[in-house]
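Hi,

Here is the structure I said I would pass on. Have a look at it first, and my notes follow underneath.

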Amino acid sequence: MGGLWNWIGGLSSPIELSTPLGLAAWSVLAGVPVGIIALYFLKLRRRPVRVPSTLLWQRSLEDLHVNSLFQRLRRNLLLFLQLLAVALTMLALAGPQMRGSGVTGQRYVLMIDNSASMSATDVPPNRLAAAKEAARKVVDVMGSSDLAMVIAFSDTARVVSNYTGDRSILSQRIESIAPTQAATSLREGLQVAAGLANPSKQIGEGVVASSVITPKLFIYTDGGFSDVEGFSLGNLEPEVVVIGPPPPAYEPPAEARPNAPAAERPRTGNPSDNLAIVALQSRRDEEKADVYQIFGRVHNFRAQEAATEAQLYRHAVDKPGDPGELVDAIALKIPPQTDQAFKFDLIDPGLAPFEVRLTAKDALPIDNRAFTVVGTTRKAQVLVVTSGNRYLIDTLKTPLVEERADVAVKTPEEARAEAVAREIRGGRFDLILYDGVRPEAPPQANTLYFGALPPGPAYEKAKDVEQPVILDWDIGHPMMQYIRDLSLVFVARAKIVEPPAGSRNLIESNQGPLAFLAPREGFTDAVVSFPLIDGDAPNTTWFRYISFPLFVLNSIQALGNVREGSGDETARPGQPVVLHAETISKEIAVDSAARPGVRVPRSPQGTFIYQDADKTGMYLARWEPSGRLPFAVNLFDFRESDLAPRGLVPDGTPEAMQESYKIKIGYNPVTGTGKAPEVQKDIWWYFALLALGVLLVEWYIYNRRVYI
Amino acid sequence: MSPETSNIPEVPHRAPAGDPNSGPLLDPVFLHKLEQLELISRKIFVGRMKGERKSRRRGSSVEFAEHRNYTTGDDLRHIDWNVYGRLDKLFLKLFLEEEDLHVYTVLDASLSMDFGTPTKLRYGKQVAAALAFIGLVNHDRVLVDTFSARLEQGLHGIRGRSQMWRVVQYLEKLKPTGSSDLTAACREFAIRHPGKGVVVVISDFLDKRGYQDALRYLLARNMDIYVVHVLSQEEVNPDLVGDLRLVDVEDGNSAEITISAPLLKRYKDTLNAFVGGLKEWCTSRGITYIFTTNQYPFDKLILNYLRERGLVK
């Protein structure tokens with residue numbers, strides 16, 4: 001039956017029928033009109049009425065019988081109305097759809113941006129609500145055989161709903177999308193969508209996308225992301241619906257204006273109603289050791305000069321989310337669409353979280369607050385295993401190294417003793433220097449080997465070489481920072497080994513690598529393959545040059561998990577935070593304003609990875625007996641703070657310039673639209689309405705004594 | 001009424017309050033007006049008793065009619081002796097005799113008359129009572145007969161207004177019964193009443209056997225015939241809806257109809273043809289045809305309409 005309908009539909013018009021009913025159901029439905037006719041003729045119950053005489057009536061009927069067929073039709077008007085209503089209902093059940101082409105249902109992939117900028121209130125009530133509303137409109141006009149999937153994306157993508165045709169579920173799931181404070185990565189979302197939209201892939205809930213169906217991809221975003229390069233959309237037909245106020249009309253570029261200042265940005269974005277703290281750091285004053293400085297930058301995205309006040313609040317360490325106590329404030333006047341720096345000086349406050357708050361009201365409140373922690377230096381825990389290398393030990397006694405690391409020196413015998421061995425296994429040290437000593441098993445720490453190779457089969461095939469000549473070294477790596485004079489270094493003997501897969505060579509010689517970095521289960525082994533001393537005599541002239549202590553210091557910095565107490569390493573909302581806690585316990589607790597006491601287990605690398613930092617603000621990591629490590633999570637994302645929507649071509653833009661306004665996915669510019677696009681509509685409910693109307697007419701005729 | 005049709009709901013035809021089918025047939029004010037009226041006949045009929053009307057029969061009254069030659073055996077008392085004195089010939093002086101008028105009222109009391117508000121029967125009773133009153137007041141001989149399947153024995157030969165109560169009592173006791181057979185009733189009437197006079201037939205004429213034979217029996221008696229055709233409003237404008245089985249109250253015959261606009265139009269056409277046919281048949285044979293419905297005020301019918309038609313003056 002359904003096939004028949006489709007055949008009929010295919011014959012005549014662009015109306016197509018897609019029925020969700022099976023053959024059995026249609027057979028039952030086909031019986032309905034037959035039953036009505038049968039009942040009408042067999043069981044018509046006429047109301048008996050007594051009249052004085054049937055004389056005149058019978059004479060009238062005799063006359064009528066002359067043209068009885070037509071009269072019969074008129075007599076059975078109610079029957080025909082019933083049949084018409086049933087026919088229309090059946091048509092409605094057949095699910096006719098107005099559509100240009102295609103036989104099967106459409107697939108929709110609805111990608112909704114829920115990044116931080118989508119919380120902006122410049123589109124009332126906010127952009128995310130507008131995006132959800134637009135997506136729900138697509139769901140509302142979905143056909144009965146259409147399937148849609150919903151993906152929410154910020155810096156990560158999440159499948160909110162798998163392919164389903166159930167519109168109430170889809171609406172619910174769309175409604176459930178909550179705003180995040182994360183950055184935007186369209187690539188993440190596209191990868192998920194493309195993976196699910198590929199032909200013949202199982203796409204969940206038992207539905208297989210076939211290659212015939214090209215899914216329509218709707219991206220609801222404000223365009224706050226970089227172009228996605230090198231990405232193939234494949235089957236997807238993207239349509240970007242830009243949520244946000246429309247861009248102002250096109251203006252000629254700056255060089256066309258004679259008075260434009262030269263320092264103007266190459267292409268400033270369109271203004272938007274936002275003030276944002278885009279950076280915040282704290283650092284000890286270089287000159288005055290007891291003074292801490294908190295300095296940051298505020299960007300004004302408005303087209304007008306903005307006046308606001310930056311207020312400095314001090315928070316309690318143990319209570320993340322407390323309102324804080326006002327410490328200082330600075331009035332700021334920020335020219336349109338530029339940065340303004342600010343700075344607070346503090347007499348050493350000890351360990352304390354601070355917050356800078358802007359008092360201005362704007363469309364995005366998240367970026368008006370920024371957090372930093374003062375006084376959380378962490379020293380690297382370094383163990384040196386040497387049989388008494390004076391050059392090396394002296395190098396580790398410089399003030400800079402002492403400031404940044406706690407160095408323990410042990411002989412190989414001491415290191416093999418049980419007490420030290422347990423500490424090594426328990427991850428007590430960040431970095432272990434093996435000077436010409438090879439441990440029996442790899443330690444639970446980063447290592448730096450001098451003249452020895454790490455244990456393991458990869459290093460079995462070492463060969464001894466004489467007088468290698470250093471040719472090149474990798475100055476791009478942090479361990480080789482400021483190292484310039486290696487070409488002067490002489491090396492008498494070295495062991496050359498083919499570094500294992502994934503290694504990075506640091507120093508190359510004419511006979512092979514002299515130093516390299518090799519990854520090992522989350523740790524890093526740095527290997528310098530020539531010994532420093534050969535017996536009592538030096539094996540190399542490296543000690544004479546400044547590059548040796550620099551290399552040791554760099555190694556401690558890079559491999560020793562040193563934290564200098566500044567906001568250098570900023571945690572972003574939604575991203576995992578790696579915590580280095582000076583403890584050997586299996587887990588620590590992290591308090592946040594929303595969820596205190598989250599247990600975080602130790603990772604194999606000895607760090608603690610906190611996954612729940614999805615809001616900006618202060619967090620506190622705690623461990624027994626009295627360890628406390630506050631850390632800040634900040635937005636600090638220029639793109640998210642820039643609320644001007646991207647992807648819409650302003651009115652009046654010349655043809656040649658239009659390309660630059662479009663969002664590029666792969667190499668294809670995609671034009672954004674400001675409003676939700678039209679989709680194919682089901683028209684079955686028109687028939688259902690008609691059937692209802694016919695029923696009403698029938699009721700009226702029956703009850704209101706209308707004669708035809 | 002057949003047992004089969006006894007549980008069939010009737011078309012409501014009685015108003016709940018102020019029942020038009022109860023109360024006196026004639027009210028005193030109306031009666032007073034009726035006293036002014038007089039039944040007339042276009043024909044002069046022979047009555048049995050001397051009455052207040054001129055008769056074509058020559059007789060002994062004061063009003064001279066004509067002379068004629070004496071023949072043997074004539075009553076010598078009527079010889080005009082003055083003429084004999086002058087002409088020496090015997091002439092009889094003839095006078096117009098004054099006679100009473102026979103007023104027959106034949107009222108249909110079949111079940112079909114029991115419809116309408118007021119019922120057609122009640123309406124017919126009122127007309128019959130009014131005519132009887134006029135007749136009685138004028139010393140006419142009044143006869144009231146009713147019929148359904150056959151002619152019933154009614155009131156015969158009452159005279160004088162003092163007898164009015166008998167008429168009223170008779171009519172009020174009258175109940176609708178049986179099916180109507182107009183032909184049989186009229187034949188019996190004609191046999192039973194050989195004398196001439198004014199016959200007023202009050203009926204709805206909804207008789208499937210037709211009315212022609214019936215009226216022919218009356219015509220054969222050379223009577224002055226008036227036909228009062230009473231229909232109810234429900235018959236003129238049927239208030240019916242839907243799929244119906246119409247059941248004839250008299251013979252139980254049923255007709256299945258589905259009310260529609262063409263059927264209603266067809267019914268009205270049929271009704272008009274029926275009424276028009278009866279009227280034409282009557283007027284072409286010297287029968288005065290009076291059509292009325294139960295909605296037409298019956299006093300107006302008597303005071304205005306019958307007067308126009310010449311039944312009363």
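Let me start with a loop residue: B:Phe205 counts as buried, because 22 C-beta neighbours sit inside 10 Å and the cut-off for buried is 20 or more. B:Phe205 is in the loop between S7 and H6 of chain B. Its backbone is worth a look too, since phi of B:Phe205 is positive, about 55 degrees, although the residue is not a glycine. For context, most residues other than glycine have a negative phi, and most peptide bonds are trans.

Before going further, keep in mind that this is a predicted model.

Two other backbone spots turned up in chain B. B:Asp88 also has a positive phi without being glycine, near 65 degrees. Is B:Asp88 buried or exposed? B:Asp88 is exposed, because just 7 other C-beta atoms lie within 10 Å and 12 or fewer counts as exposed. You'll find B:Asp88 in the loop between helix H2 (81-87) and strand S3 (91-99) of chain B. The other spot is a cis peptide bond, running from B:Thr117 to B:Pro118, with omega near -10 degrees. B:Pro118 belongs to the loop between S4 and H3 of chain B.

Now the helices. In H5 of chain B (residues 182-192), the buried residues are B:Leu182, B:Ala185, B:Cys186 and B:Phe189. Looking down the axis of H5(B), they fall within an arc of 95 degrees, so they line one face of the helix. That spacing fits a general rule: an α-helix has 3.6 residues a turn, so residues three or four places apart point the same way. What do the buried residues of H5(B) pack against? Their partners are strands S4 (102-108), S5 (141-147), S6 (151-158) and S7 (198-203), plus helix H6 (212-220), of chain B.

The H5/H6 pair has its own geometry. The axes of H5(B) and H6(B) come within 7 Å and cross at roughly 10 degrees. That angle is under 35 degrees, so H5(B) is roughly parallel to H6(B). The crossing of the two, H5(B) and H6(B), is left-handed. On the H5(B) side, the residues that meet H6(B) include B:Leu182, B:Cys186 and B:Ala190, and on the H6(B) side B:Ala214, B:Tyr217 and B:Leu218 are among them.

Just past that pair, B:Asn222 is found in the loop between H6 and strand S8 (224-231) of chain B. B:Asn222 is exposed, with 11 other C-beta atoms within 10 Å. B:Asn222 and B:Lys196 are 26 residues apart in sequence, while their C-alpha atoms are 6.8 Å apart in space.

A second helix pair in chain B is H3 (residues 120-137) with H4 (residues 164-173), whose axes come within 10 Å and cross at roughly 165 degrees. That makes H3(B) roughly antiparallel to H4(B). The contact uses B:Lys125, B:Ala128, B:Ala129, B:Ala132, B:Phe133 and B:Leu136 of H3(B), together with B:Met164, B:Val167, B:Val168 and B:Leu171 of H4(B). H3(B) passes H4(B) in a right-handed crossing.

Finally, chain A. It has 16 helices and 39 strands, and 39% of its 708 residues are buried. Of the contacts in chain A with a separation of 6 or more, 70% are between residues 24 or more positions apart. As for confidence, the mean pLDDT of chain A is 79, with 82% of its residues at 70 or more. Residues 1-13 of chain A have pLDDT below 50, and that stretch has 15 contacts beyond near neighbours in sequence. Residues 99-103 of chain A also stay under 50, with 5 contacts beyond four places in sequence.

Cheers

Terms used: Residues numbered from 1 in each chain as written. Chains lettered and ligands numbered in written order. Predicted model: local features only at pLDDT ≥ 70, side-chain atom pairs only at ≥ 80, totals over all residues. pLDDT = per-residue confidence, 0-100. Contact = placed C-beta atoms within 7 Å. Helix = DSSP H or I, 4+ residues; strand = E, 2+ residues; numbered from the N terminus. Arc of directions from axis to C-beta. Axes fitted to C-alpha atoms, helices over the stretch in contact; angles between N-to-C directions. Parallel < 35°, antiparallel > 145°, perpendicular 65-115°, else oblique. Left-handed = near helix turned anticlockwise from the far one by under 90°.
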